[in-house]
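Colleague: I am new to this one. Walk me through the interfaces, please, and tell me how each label is earned.

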Amino acid sequence: MTYLRNCWYMAAWSGEVTAAPFARHILDEPILMFRKQDGDAVALTDRCPHRFAPLHLGKLDGDRIQCPYHGLKFNAEGRCVFNPQGAGATPAAASLRRYPLLERYGGLWIWMGDPTRADPALLPDYPFLEPGDRYAREQGYMHTKAYYELLSDNILDLGHVDFLHQGSLGCEATARAKPRTRQEGNRIYCDRWMPDARQGPLLNMLFERDEPVDAWIDVVWDPPGLMLLHFGMTDVGSAREGARETLNVHFMTPESERSTHYFWAGCRSFRRDEPGLGDTLRAGVEAAFSLEDKPMIEAQQAMMGDADFWSLKPVLLQGDAAAVLARRTLAKLIEAEQEAASPAAATAQ
Amino acid sequence: MTYLRNCWYMAAWSGEVTAAPFARHILDEPILMFRKQDGDAVALTDRCPHRFAPLHLGKLDGDRIQCPYHGLKFNAEGRCVFNPQGAGATPAAASLRRYPLLERYGGLWIWMGDPTRADPALLPDYPFLEPGDRYAREQGYMHTKAYYELLSDNILDLGHVDFLHQGSLGCEATARAKPRTRQEGNRIYCDRWMPDARQGPLLNMLFERDEPVDAWIDVVWDPPGLMLLHFGMTDVGSAREGARETLNVHFMTPESERSTHYFWAGCRSFRRDEPGLGDTLRAGVEAAFSLEDKPMIEAQQAMMGDADFWSLKPVLLQGDAAAVLARRTLAKLIEAEQEAASPAAATAQ
Amino acid sequence: MTYLRNCWYMAAWSGEVTAAPFARHILDEPILMFRKQDGDAVALTDRCPHRFAPLHLGKLDGDRIQCPYHGLKFNAEGRCVFNPQGAGATPAAASLRRYPLLERYGGLWIWMGDPTRADPALLPDYPFLEPGDRYAREQGYMHTKAYYELLSDNILDLGHVDFLHQGSLGCEATARAKPRTRQEGNRIYCDRWMPDARQGPLLNMLFERDEPVDAWIDVVWDPPGLMLLHFGMTDVGSAREGARETLNVHFMTPESERSTHYFWAGCRSFRRDEPGLGDTLRAGVEAAFSLEDKPMIEAQQAMMGDADFWSLKPVLLQGDAAAVLARRTLAKLIEAEQEAASPAAATAQ
Ligand code: FES
Ligand code: FES
Ligand code: FES
C-alpha cells in the first residue's frame, strides 16, 4: 500500500503537543513534535542522523532538541547547531527533515510530501472547529490496529450503525435510508434522509426526543481520510431549517499499513453549557467506538491479512457507493502522484 | 506446506458445536459452525463476503446467521437471504462457501476440498466411537503450536513413551519392541509386541496389573492424520483373545502450518461404570500430553523453524518406519491432488 | 548480515556452565554446553539429529547427554553411543556437531567456524582476567535486543557517556576529548585524554577523588567484538605511571541478527578487599547499562529496523573514527572468509 503524500494529515490535537518532546509515527515515519518558546509547534524527523537514536527521548534546551545519545543539538529548523564531541564542528549533513506543520481547527496538520507544495489552502474548511463560543465541542483520539481506509469505510457506510451500535446509536432507519451519493472534484457527498422514524437512544438523549422524527445524516469526504458529518432531527414533516444539528468530524491518519490514528470531534450549537452533558456524550462516543467499531474493524483487518481489498472481491451493497468512490478517488490521486514522481514524468516536463 | 484437501478432517467434537456460532480455523481457513434448529450442524466460511467481518461475532436468527457489521443474513446453505441496507436486494454474489460436514463417531467431520467428492464412505471406520453402552469413553481436545505431521510422528513412533512419559505411560519395553510396519493402500499399520515386561504406572492402574505381562500396542494410520491404537495386556504366555484392551483414537487437524487441533478419545469395555475412573484417566492423558508431549513437540517445531522436514536430513531409526511411510503416503496424495488440479491435467481429461 | 565464523566468541562465563545442560543461541545456532565429570566444558549442537528435539531438555548420564524425546545418548564428542529403540544399532549419521570450546580468562570461548582452524593463540590476551589475587573483579552478563555491532559502537564511541550517563559515569570531558585512533593489523586503538577535569560520580567514588584530575580512557578493539578499556586518573600534571587504573572488558557475542550476549568485567588492583565495594560497583555498572545504554541501543535498533547501517547514511562525527574502522575491518574479514569459502576459491587452491 502506498500513501498519498502531498496532502495534509492530522498529526495531533493541539493540546497533545507541548514544550516537551512528543513522538508519533505517521505514514510509517517517526515524527517528533514540540512547541517552541513562542508557542509555535514544529515537526521534525524523530531519528537522529548520527546513529539513529530517537530524539524524543532527549531534552529540549529552549527551542533546540538535544539527542539523548551523543548530545547533538538541533534547532527548530532541524539544523544541527551544537556538537559536544571533539572539536565541536557541526557537520552540514547533520540535519533533520522538517515537515510543514499547520495549526488550524484546534489540531496540528502535517504535510508528508514535497514541502514546496504545502499550501494551507488545500486543507478543507471546518470553521466550526475554530475556537469560539458558538459551539460546544467534544473531541478525542483513538488508536486502531487497522488500515485507515477500513476506518473511512466505516464512516462512509453508516448502514452499519443499526447493527453494530444497536443499543446506542442504532435505529432501524439508517440502513433502510437510501444514500444519495455524489462527487464534486475529489470531494464525495453521501446523504441519508430518515423520515418519520425513531432514532437511537444516545441521539434521542442529546436531541431531547423520544418520538419518531425526520432525521438526516450527511457525510462529506475529502482525501485522504477527512470526514464531516451533519446530523439533525426535526418534527415529522417540518422544515430542516432551524432544526437542531450536530457537526462531527472524523479524521483518519495512517500510522502504518496496519494501524491508524483516529481523531474525532463533535460540535453542537444547542445545550452548550449544560453541566455534564459533554462528558456523557464523549463517553458515549468512546464506548461505541472502542467496544463496537474498533473490535469489528480490527477483526476485519485480521480476516483480510495482507491481501489487497479488491483482490478479495468484496460484494458491493447499495450503501457502499460512497466508500467505493472514496477508495477509487484516493487510488487515482496516489497513482497520479506516483507518476509525477517517476523519472519518465520528470523528463517529460 | 500444502494441505490435502479431498479428505475428511475432524472439525470438532459434536458437543462443541451448539446453536451458538462457533469459530475455528482449519487449513488456515476461518470456519463458522453452528447447529440448525433441527439439530444438524453446518459449516460455512466465517468471513462475510461484503466487508470480511467475522460472522461468528454475529447472532443466529433461527437457522440464519446475521453479520454483525451491516446486518446481511445468510441461511444454512450460505445463501444471502436478507439485506437490511437500502432497497434490500440480496446480491447473488453474496453467498458463503458451505463446507460438507458429516456427523459421525461423536464428532463433526469437514471436507475442505471439492464438495462433489465428499463421500462419507471415505471416512475410516471407528464403530466403537458410536454412541452406545458397550464402551466407556473419555475424550478431549488440545491445541498445539506445531505442524500436524509432528503430532502424527509422535503417535506413530511410540518408542518415545519410555523417555518422555517416564513416570506415567513409559516402561522399558515400548522402545525395545521391534515395530512391525506394513502398508495396505494408503493405510499404515505399526504393531509393537512387548512380551513379559512391566508396563507403565497409569496403564497398570487401569488394567489392575503390577507384574510383568504380555502387552501390545497396535497403531493404524489413515490419511491425513487419523490414528487408532489398540492397547492390551494379558498374562505372560496367554492368548490375546479375550484380554482387556483399550481403543484409542488420535485425530490431527491442521489449524495452520504451525498449529494443530488435536482430538483424542479412549474407549474401554471393562471397568465401564466405576466412579471416578474416567476422570482419573482423562486427567492422566491430559497431563501426559500437555506437560510432556506438547512442550516437546512445540520445541521441536521451534528448532525446525520454517525448514522443510526432509531438508534437515533427519537420522532415521528403526521405530521411524511407520512415521516415514505416513509422511511419504501423504506427500504422494497431495502431489496427486495438485496434479489433478493443474490446468494441464484438466486439458488432458 | 553475515557473521564472522573463524574466530573465538565468548559463549559463557565459566560459572554459568555446570554439570547440568545449559543452552544458548550463538550466531543463530542452538548450542548445548555442559561440564564433563573431569570438569572440562563441551559445546555441541543443541538439536538432536533424529527429530530435532532440543537436547538441553534431556538429562546427563555421566558425560553423555540423553535426548529427552526418544532416548538417543551422545557422548561428549557428539557421537551417538546408545540407541534404546528396537535392536539398538547406533546410526553413524546420528552425531552432533561439536564446537571447539576453550576455557580461558574465566570464560568459555566457542569457535563457530572451521574446527581445524580453532587456534587458541588467536584469542587476544587478557592476562588480568586469569584467576589470581592481583585484581579484584566484578563481572556480569546482559542480554540486549540489538545487533552486536551497535553494542560495539557504544563502547568505541565513549563520547556518549556525558549524555546518556549524566548522573553516573558522565562528566563534561569525555565528549570534548579528541580521540586518538590508530589501527595495527585488525586491532584498533582509541585513546582519550581528559586533562584537568572532574570525572563522573561513580568513578570519583571508586577512585576517591572529587577534584579535577588528569584522566584517560584507552580502548582496544579486536574482532569480532572484543573490547578492553583502561581507565585511570591522576593528579593534574602528574605522570600516568603508578596511578590507579581499572581494566575493563566488554565482549559482544551475537545471539541473532537482532540480539546480543553482552559479557563485561571490571578489574582493579586497588581497594581490592574493601567490603561491599564490589557490589556497589557491579550495581552501578548494571544500572548504567540496563537503565541507560540498553533502552537507547534497543531504540536505535528499532529505528533502524532491517535496514543496513550504511544504507541509512549515518552522519559521521569525530568520535566515530574507531567504530567506523571496526565496522570496516569486520566487513573485510567477513568478505575474505566468504571468498575463501566460495567454490571458485576452492578451485583456485
Ligand atoms: S545518535 Fe544522536 S548524537 Fe549520536
Ligand atoms: S461485512 Fe457483513 S454485512 Fe458488511
Ligand atoms: S529426537 Fe532425539 S532421539 Fe528422537
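Colleague: What area do domain 1 of chain A and domain 2 of chain A bury between them?

Modeller: About 1,400 Å², with 63% of it on carbon and sulfur atoms. Keep in mind that this is a predicted model.

Colleague: Which residues of domain 1 of chain A lose the most area to domain 2 of chain A?

Modeller: Y9(A), W13(A) and Y105(A). Together they give 43% of what that side buries.

Colleague: Where do the two domains of chain A begin and end?

Modeller: The domain assignment puts domain 1 at 8-122 and domain 2 at 128-335 of chain A. Their C-alpha centres lie 33 Å apart.

Colleague: How many residues are in contact between these two domains of chain A?

Modeller: 16 residues of domain 1 meet 20 residues of domain 2 in chain A. They are called contacts because heavy atoms come within 4.5 Å.

Colleague: How many salt bridges does the rule find across the interface of domain 1 of chain A and domain 2 of chain A?

Modeller: Zero. Polar contacts are another matter: six residue pairs count between domain 1 and domain 2 of chain A, both residues at pLDDT 80 or more.

Colleague: Which elements give two or more residues to the side of domain 1 of chain A that touches domain 2 of chain A?

Modeller: β1 (8-13) and β2 (22-26) of chain A. β1(A) gives the most, with six residues. By class, that side of domain 1 of chain A has 10 nonpolar, two polar and four charged residues.

Colleague: Now chains C and B. How many residues does each chain bring to the contact?

Modeller: Chain C brings 25 residues and chain B brings 30 residues. The area buried between chain C and chain B is about 2,300 Å², and carbon and sulfur atoms give 63% of that.

Colleague: Which three residues supply more than any other three of the area that chain C buries against chain B?

Modeller: R51(C), F52(C) and Y69(C), with 36%.

Colleague: Why is the meeting of R51(C) and D320(B) called a salt bridge?

Modeller: The rule asks for a side-chain nitrogen of Lys or Arg within 4 Å of a carboxyl oxygen of Asp or Glu. The side chains of R51(C) and D320(B) meet at 3.8 Å, N to O. So the pair satisfies the rule. Across the interface of chain C and chain B, the rule finds two salt bridges.

Colleague: What else is counted between chain C and chain B?

Modeller: Nine residue pairs in polar contact, both residues at pLDDT 80 or more. By class, the side of chain C that touches chain B has 14 nonpolar, seven polar and four charged residues.

Notes
Residues are numbered from 1 along each chain as its sequence is written. Chains are lettered from A and ligands numbered from 1 in the order in which they are written. This is a predicted model: local features need pLDDT of at least 70, side-chain atom pairs count only at pLDDT 80 or more; totals for chains, interfaces and linings use all residues. Side-chain values use heavy atoms; hydrogens and water are left out. Domain bounds come from an automatic or database domain assignment. Buried area is the accessible area (1.4 Å probe) that two parts lose on being put together, summed over both. A polar contact is a pair of N or O atoms within 3.5 Å; within protein, one must be able to donate a hydrogen and the other to accept it, and residues adjacent in sequence count only if both atoms are side-chain atoms. Helices (H or I, at least four residues) and strands (E, at least two) are DSSP runs, numbered from the N terminus. Ala, Val, Leu, Ile, Met, Phe, Trp, Tyr, Cys and Pro count as nonpolar, Asp, Glu, Lys and Arg as charged, and the others, Gly among them, as polar.
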